[in-house]
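Biologist: Could you give me a close look at one part of this model, the charged residues and what surrounds them? I'd like the reasoning as well as the result, so please take your time.

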Amino acid sequence: MGALFLDRDGVINRRIIDGYVTRREDFVLIDGVLEAISIFARHFDHIFMVTNQQGIGKGLMTEADLADIHGWFLKQVEAAGGRIDRIYHCPALKAEHSFMRKPSIGMAIQARHDFPGVVLKQSVMVGDTASDMLFGRRAGMTTVLVGDEPEIGRKTPHLVDYYYPDLLSYAKNC
Ligand SMILES: [Mg+2]
C-alpha cells in the first residue's frame with residue numbers, strides 16, 4: 001500500500017534560511033497545511049514525516065526540544081482531523097554521511113520496516129529541495145516538489161514528477 005512521506009521545513013513550516021527551528025515559537029505552519037493533512041488522511045494508509053535535523057548534531061537544540069515541537073504539531077494535526085503515523089528525524093551532521101540522512105534513504109527503509117505493509121514504489125515523497133526529490137527517486141517513489149523554488153524541477157527534471165506551490169494545492173489534486 002502506498003504511503004505519503006512529507007519533508008518538514010519548507011513544506012509543513014516556514015523555513016528559516018541559514019538557521020534552525022529550535023523552539024516551538026519558531027515553528028510557524030504554512031497556510032493550509034493542517035487542512036492538507038486532513039485530506040491526505042483520507043487518501044493514504046500511512047503518513048510519515050521525514051526530516052533532517054542536524055541542529056541536534058550541532059548542539060543547537062536537544063532531542064527534547066525537537067520532541068516538544070513535534071508533540072505540539074501532532075496535536076494540531078489531530079485537532080484538525082488529520083494524522084501522521086510517525087515522525088522520523090536524522091540528527092546527524094551532513095559531514096557524517098549518515099544513511100539515515102536525506103538524500104540517503106535510511107528513513108524510508110526504516111518506515112517500511114516499522115510498517116510492513118508500506119510499498120515504496122506506490123508511495124509519494126513531498127519536499128521542497130532537490131535532496132528530497134533525490135531521496136524519493138532513490139526509494140522508488142513518486143516525487144512532488146512544493147514551495148517557492150519551481151526552478152528545481154527545471155534544473156533536475158529527472159527527479160521531479162509533479163510541482164505544486166504548496167501542500168494544500170497538492171492535497172486538492174491528489
Ligand atoms: Mg525542506
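Modeller: Happy to! One convention helps us along: a residue is buried when its relative accessible area is under 20%, exposed when that area is over 50%, and partly exposed in between. Please keep in mind that this is a predicted model.

Let's start with a charged pair that puts the convention to work. R137 and D161 form a salt bridge, and their closest N and O atoms are 2.9 Å apart. R137 belongs to helix 5, while D161 sits in the loop between helix 6 (151-155) and strand 6 (162-164), so this bridge ties together parts that are 24 residues apart in sequence. D161 has a relative accessibility of 36%, so D161 is partly exposed. R137, at 27%, also counts as partly exposed. Elsewhere, salt bridges with shared partners join D7, K102 and D132 into one network. The total for the model is 10 salt bridges.

Another of these bridges connects the side chains of D114 and R86, at 3.2 Å from N to O. This pair also links distant parts of the chain: D114 is in helix 4 (residues 106-114) and R86 in strand 3 (residues 86-90), 28 residues apart. With 25% relative accessibility for D114, that residue counts as partly exposed, and R86 is partly exposed too, at 38%.

Then there is R8, whose side chain meets that of D9 in a salt bridge at 2.9 Å, N to O. R8 has a relative accessible area of 0%, so R8 is buried.

D9 leads us to the metal. The magnesium ion has three protein donors, D7 (OD), D9 (O) and D128 (OD), lying 2.1 to 2.2 Å from it. Two of them, D9 and D128, come from distant parts of the chain: D9 from the loop between strand 1 (3-6) and helix 1 (33-43), and D128 from the loop between strand 4 (124-127) and helix 5 (130-138), 119 residues apart. Along the chain the donors follow the spacing D-x1-D-x118-D. D128 has a relative accessibility of 6%, so D128 is buried. D7 plays two parts here, as a metal donor through OD and as a member of the salt-bridge network with K102 and D132.

D7 also gives us a way from the charged residues to the nonpolar ones, as D7 is among the contacts of I12. The other residues that I12 touches, apart from its neighbours within four places in sequence, include L6, F27, V28, L29, I30, V33, I37, M49, F73 and L167. I12, F40 and V126 touch the most other members of the largest nonpolar core, which has 33 residues. At least two residues of that core come from each of strand 1, helix 1, strand 2 (46-52), helix 3, strand 4, strand 5 (142-146) and helix 7 (167-171). Helix 1 supplies the largest share, six residues. Apart from this core lies another, with 18 residues, among them F48, Y88, L120 and M141.

Aromatic rings add some detail to this picture, with eight aromatic pairs in the count. The ring centres of F27 and F73 are 5.7 Å apart and their planes stand at 65°, so this is an edge-to-face pair. F27 lies in the loop between strand 1 and helix 1, and F73 lies in helix 3, so the pair ties together parts 46 residues apart in sequence. Both F27 and F73 are buried. For F40 and Y170, the centres are 5.4 Å apart and the planes are at 40°, so that pair is tilted. F40 is in helix 1 and Y170 in helix 7, 130 residues apart, which makes this another link between distant parts of the chain. F40 and Y170 are buried as well. F5, F48, Y88 and F115 form one aromatic cluster, and F48 and Y88 also appear in the 18-residue core.

For contrast, take A79 in helix 3 (residues 63-79). At 71% relative accessibility, A79 counts as exposed. A79 and N52 are 27 residues apart along the chain, and their C-alpha atoms are separated by 26 Å.

Methods:
Residues are numbered from 1 along each chain as its sequence is written. This is a predicted model: local features need pLDDT of at least 70, side-chain atom pairs count only at pLDDT 80 or more; totals for chains, interfaces and linings use all residues. Side-chain values use heavy atoms; hydrogens and water are left out. Donors are N, O and S atoms within 2.8 Å of the metal (3.2 Å for Na, K and Ca); water is not among the atoms, so sites may look incomplete. Helices (H or I, at least four residues) and strands (E, at least two) are DSSP runs, numbered from the N terminus. Buried means under 20% relative accessible area, exposed over 50%, partly exposed in between (1.4 Å probe, protein chains only). A salt bridge is a side-chain nitrogen of Lys or Arg within 4 Å of a carboxyl oxygen of Asp or Glu. A nonpolar core is a set of buried Ala, Val, Leu, Ile, Met, Phe, Trp, Tyr and Cys residues joined through side-chain atoms within 4.5 Å. Contact means heavy atoms within 4.5 Å. Rings of Phe, Tyr and Trp (its six-membered ring) pair if their centres lie within 6.5 Å; planes under 30 degrees apart count as stacked, over 60 as edge-to-face and the rest as tilted.
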